[in-house]
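Colleague: Could you take me through this model step by step, as you would for someone meeting a protein structure early in their studies?

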Amino acid sequence: MSPKGLSMNPIFCALDTIDEARATSLARGLRGSVGGVKLGMEFFYARGPQGYRAVAEAGLPVFLDLKLHDIPNTVAGGIRAVLPLRPAIVNVHAAGGLAMMRAAAEAAQEAGRERPLVIAVTVLTSLDETDLAATGVTGAPADHVLRLAHLAAKAGLDGVVCSAHEIEGLRRELGPDFKLIVPGIRPAGSDIGDQKRIMTPAEALARGADVLVIGRPITGAADPREAAEAISASLAA
Ligand code: C5P
């Protein structure tokens, strides 16, 4: 298992807001019903370490989704700067290259046994083949995802963020210990919002996801705790 360990509950609720009071009250309300929460760059740029701490005080593991991408020295400095916050998961863009990812992994080691999992973002799901070609990456996006995931593993990273449809291929190629963090999850019958290639939580878990990142189906529910518990129940069924 990971150095910090992921709890038995694979659900991380994405708190996509810059409202600290709302994020904090959601995190408190979800304690015991989810495995953790995700705070992104929007929240962190707006509310900073102080806002982060207010949310983390709820006691849930935090995935700090900052998607770092810069020269190795700067990314290592960014990781080091957030270690005192004790996030459970941090991430970087695999496109930053092998040396950058190695620098991120090494910086995280400085937290010792409490180190966060360091995860790579491969190809943003907002990019299709045409968008990738315009950046000079030719070929199928799925091949590029695999190439970057292998590079992440070589750099010593713990896993990747991937779409539910990439789980099986990545699991097959990268082995059982490589963490797969999966957004774009929708409980059966829920509003899909702007997500296009969705999957139910139970199906994504059955395919081999380690963490399910779920936002609006929980945060947009009249009773977020009840929604999270219904999703957990669907996993146990
Ligand atoms: O509300 P929803 O469940 O769609 O939220 C999913 C979360 O996962 C959001 O924070 C979103 O930014 C993130 N994400 C995603 N798709 C990706 C990568 C990240 O939806 N490919």
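Modeller: Before we begin, one term is needed: two strands are said to pair if DSSP finds at least two bridges between them. Please also keep in mind that this is a predicted model.

Colleague: With that cut-off in hand, how many bridges join β1 to β2?

Modeller: The two strands run parallel, and one place where they meet is F12, which stands opposite G36 in β2. Since pairing asks for at least two bridges, β1 and β2 satisfy it, and the number that joins them is three.

Colleague: On its other pairing, which residue of β8 is the bridge partner of I11?

Modeller: Strands β1 and β8 also pair in the parallel sense, again over three bridges. Within that pairing, the partner of I11 is L212.

Colleague: What do the strands β1 to β8 form when they are taken together?

Modeller: The order runs β1-β2-β3-β4-β5-β6-β7-β8, with parallel pairing, and neighbouring strands are turned against each other by 25 degrees on average, direction ignored. One of these pairings is that of β3, residues 62-68, with β4, residues 89-93, over three bridges, where L64 has V90 as its bridge partner. Taken together, the eight strands form a closed barrel.

Colleague: Are the residues on the two faces of β1 buried or exposed?

Modeller: In a regular strand the side chains alternate between the two faces of the sheet. In β1, I11 and C13 lie on one side, while F12 and A14 lie on the other. Both faces are covered, and these four residues are all buried.

Colleague: Turning to the helices, where does α2 bend?

Modeller: Helix α2, residues 41-56, lies across β2 and β3 and runs at about 145 degrees to β2. Its end C-alpha atoms are only 16 Å apart, short of the 22 Å that a straight helix of 16 residues would reach. The bend is about 110 degrees, with a proline, P49, following within four residues, and the place where α2 bends is G48.

Colleague: Which elements cover the buried residues of α2?

Modeller: The buried residues of this helix are F43, F44, G48, G51, Y52, A54 and V55. What covers them includes α1, β2, β3 and α3.

Colleague: Why is the pair of F44 and Y52 called edge-to-face?

Modeller: A pair of aromatic rings is described by the distance of the centres and the angle of the planes. The structure holds one such pair, and both of its residues, F44 and Y52, are buried. Their centres are 6.4 Å apart and, because planes over 60 degrees apart count as edge-to-face, the pair of F44 and Y52 earns that name with an angle of 85 degrees.

Colleague: Does H144 count as buried or exposed?

Modeller: H144 lies in helix α6, residues 141-154, and, leaving aside its neighbours within four places in sequence, it is in contact with V123 and V137. The cut-off for a buried residue is under 20% relative accessible area. Since H144 has 14% relative accessibility, it counts as buried.

Colleague: Finally, what is the phi of K67, which is not a glycine?

Modeller: The place of K67 is in strand β3, and K67 counts as partly exposed because its relative accessibility is 25%. R86, in the loop between α3 and β4, is a residue other than glycine with a positive phi near 55 degrees. For K67, phi is also positive, at about 45 degrees.

Technical notes:
Residues numbered from 1 in each chain as written. Predicted model: local features only at pLDDT ≥ 70, side-chain atom pairs only at ≥ 80, totals over all residues. Heavy atoms only, no water. Axes fitted to C-alpha atoms, helices over the stretch in contact; angles between N-to-C directions. Contact = heavy atoms within 4.5 Å. Phe/Tyr/Trp six-rings, centres within 6.5 Å; stacked < 30°, edge-to-face > 60°. Buried < 20%, exposed > 50% of the residue type's maximum accessible area, 1.4 Å probe, protein only. Expected span 1.5 Å × (residues − 1). Bend = angle between axes of the 7 residues up to and from the residue.
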